[in-house]
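Got your viewer open and a selection box ready? Let's walk through this one stop by stop.

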Amino acid sequence: MKTKLLLILVLISIKTTAQTPINTLEIENGNIFEIVNSTNTLDESSSGANLIWNFTDLVSLGQNVIYNFEPTTDEVTTYPNTSNVLVSTSDMNGVTNVSKLFTKTVGNTFSITGLNSTEIDLNFATNNASIGTLPMNYGYLNTDTLAGTYTFGTYSGTLTGTIASSVDAYGTMSTNFGLLSNTSVTRLKSVQNINLNYQIFSNVGTVVQTTYNYYPDQGIGIQTPLFRSTTTSINVPLLSINQTVTQYEVWVGQLLGTTSNDYKNFVSLYPNPVQDVLKIRNESDSTINSVSITDNNGRVVLNTTSFENGIDVSTLQNGIYFVKITTDKGTSNQKMIKN
C-alpha cells in the first residue's frame with residue numbers, strides 16, 4: 001500500500017550540445033515507459049550546461065503505458081478546471097495499477113488539478129499547481145502555491161504547499177533501454193512540498209517530491225521525456241509512514257494502431273526489451289488467435305498459438321523484431337527489442 005502511495009504521487013567524451021526549448025509537457029498517446037532500477041546509483045545532482053548522463057546500468061521492473069483523454073462531466077466537477085486526463089496503466093510483478101493525472105492548460109500555461117488512484121486522491125481544487133508556461137528554455141524558473149484536499153484510506157483532510165519548476169540543465173544522455181542513445185536532452189526539474197492537515201490538527205505529515213524529466217531535441221520528432229525519475233519522501237507519523245522511494249522510467253516506444261477512445265482497448269508486449277520470456281497483455285475485448293515474430297529481414301522466426309504463459313524468445317539473436325498479434329477483430333503490429 002505504501003509503495004502504491006509513493007508511485008501515484010507521481011502523477012538525463014565531453015560534447016557541446018545546443019539547448020532546445022521544451023514545447024510540451026503532455027505525453028503522447030500509447031507511449032510506453034519501462035519501469036527500471038539501476039545496478040549503480042544514479043547521480044542527478046548536477047545542473048548546468050553541456051552535462052553528460054550515462055544511465056546504462058538499468059534493469060527492468062515492469063512497464064507503464066500512457067493515454068490522454070478529455071475529462072468527463074463528473075471529473076470536471078470533482079477536479080475543477082481540468083482539461084485533460086492522463087491515464088497511466090502500469091504492470092509490475094504481474095500486478096496492474098491505473099492512476100490518473102488531471103491537468104489544465106490555459107494559453108500556454110500548464111497546471112495540475114489533481115491526482116487519483118484506488119488508494120489515494122489529491123485534489124488541488126482550492127489552488128491548482130502551476131508547472132509553468134511553455135515554451136521553457138534553459139534557466140526558466142516558476143514557483144506556485146497549491147491547496148486542496150486529500151483522501152488516503154479512512155483519512156482525509158486539507159493540504160497546502162508549493163511547487164517549484166526549473167529548466168536546470170541540458171546535455172547528452174545515454175541509456176541501455178529504448179531506441180535512442182547519446183541523445184541531446186533538456187531537463188525539467190520540479191519540486192513539490194506538501195503539508196497535510198487532519199481535522200483540527202495542522203501539518204500532521206509532509207510530502208516532498210522531486211521529479212526530473214529529460215526531454216529530447218524536438219527535431220527528432222518525439223515529444224515525450226526519454227527518461228524521468230521521481231523521488232518521494234513521505235513522513236506521516238499518524239499512519240506510521242516515514243520513507244523515501246525513487247522510481248525511474250525510460251521511454252521505449254509507442255503502441256501502434258491505437259487510439260485514445262478507450263485506454264484498455266489494446267494489446268501490449270512486456271517486458272520490452274526482453275531477454276527470455278515475452279508476455280502479452282490483452283486489455284481489449286478481443287480474442288488473440290496467434291502471434292508471429294519477424295526479424296529485420298522479413299523472415300518469420302516464430303509463429304505460435306500458445307502464449308498464455310509467455311513466449312520463449314531466449315534463442316533469438318539480439319536485435320529488433322516485429323510482433324504481429326492476430327485477434328478476432330484485427331491485428332496489432334508492435335516492435336520488440338531482444339537483448
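Start with Ile-280, which is buried, at a relative accessible area of 17%. That is under the 20% cut-off, and so the residue gets that label. Ile-280 sits in strand 16, residues 277-282. Now add Phe-307 to the selection: 27 residues separate the two along the chain, yet their C-alpha atoms are 7.6 Å apart. Keep in mind as you click around that this is a predicted model.

**Zoom out**

Show the whole chain as a cartoon. You'll find 2 helices and 21 strands. Of the 339 residues, 51% are buried. Switch on the surface and you are looking at about 15500 Å² of accessible area, with 47% of it belonging to carbon and sulfur atoms.

**The cores**

Which residues have the most contacts inside the largest nonpolar core? Select Leu-25, Met-136 and Phe-227: those are the ones, in a core of 61 residues. A separate core of 16 residues lies apart from that one, and its members include Val-274, Leu-278, Phe-307 and Leu-316. Phe-307 is the residue you already picked as the companion of Ile-280.

**A small open sheet**

Next, select strands 17, 18, 20 and 21. They form an open sheet in the order 18-17-20-21, with antiparallel pairing. The edges are strand 18 (300-304) and strand 21 (330-338), each of which pairs on one side only. From one strand to the next, the twist averages 20°.

Zoom in on strand 20 (residues 319-327) next to strand 21: this antiparallel pair is joined by 9 bridges. For a landmark, pick Val-323, which stands opposite Gln-334 of strand 21. If you turn on hydrogen bonds, remember that strands of a sheet pair through those of the backbone.

**Around strand 14**

Move to strand 14, residues 241-254. On one pairing, strand 1 (residues 31-38) runs antiparallel to strand 14 over 6 bridges. Click Asn-31 and you'll find Gln-254 as its bridge partner.

Strand 13 (residues 227-236) also runs antiparallel to strand 14, this time with 10 bridges. Here Phe-227 stands opposite Val-250; Phe-227 is also one of the residues with the most contacts in the largest core. Follow the hairpin between strands 13 and 14 and you'll pass 4 residues, with Ser-240 taking a positive phi near 55°.

**A buried threonine**

Select Thr-211 in strand 12, residues 201-216. Is Thr-211 buried or exposed? Its relative accessibility is 14%, so it counts as buried. Show what surrounds Thr-211: beyond neighbours within four places in sequence, its contacts are Leu-188, Lys-189, Ser-190, Ser-229 and Thr-230.

**Backbone oddities**

Go to Pro-135, in the loop between strand 8 (129-133) and strand 9 (141-152). The peptide bond leading into it from Leu-134 is cis, with omega near -5°.

Two non-glycine residues with positive phi come next. Asn-50 has phi near 60° and lies in strand 2, residues 48-55. At 25% relative accessibility, Asn-50 is partly exposed. Gln-199 has phi near 50°, and you'll find Gln-199 in the loop between strand 11 (183-198) and strand 12. With a relative accessible area of 62%, Gln-199 is exposed.

**Salt bridges**

There are 4 salt bridges in the structure. Three of them make good stops.

- Pick Lys-100 and Glu-75, whose side chains meet at 3.3 Å, N to O. Lys-100 is in strand 5 (residues 95-106) and Glu-75 in helix 2 (residues 73-78), so the pair ties together parts 25 residues apart in sequence. Lys-100 is partly exposed at 25%, whereas Glu-75 is buried at 13%.
- Pick Asp-168 and Arg-187, which form a salt bridge at 2.7 Å, N to O. This pair links distant parts of the chain, 19 residues apart: Asp-168 is in strand 10 (residues 155-175) and Arg-187 in strand 11. Both residues are buried.
- Finish with Asp-295 and Arg-299, a salt bridge at 2.9 Å, N to O. Asp-295 is buried, with a relative accessible area of 9%, while Arg-299 is exposed at 52%.

Terms used. Residues numbered from 1 in each chain as written. Predicted model: local features only at pLDDT ≥ 70, side-chain atom pairs only at ≥ 80, totals over all residues. Heavy atoms only, no water. Pairing = 2+ DSSP bridges. Axes fitted to C-alpha atoms, helices over the stretch in contact; angles between N-to-C directions. Buried < 20%, exposed > 50% of the residue type's maximum accessible area, 1.4 Å probe, protein only. Areas by Shrake-Rupley, 256 points an atom, 1.4 Å probe, with all protein chains shown as cover. Core = buried A, V, L, I, M, F, W, Y, C linked by side-chain atoms within 4.5 Å. Contact = heavy atoms within 4.5 Å.
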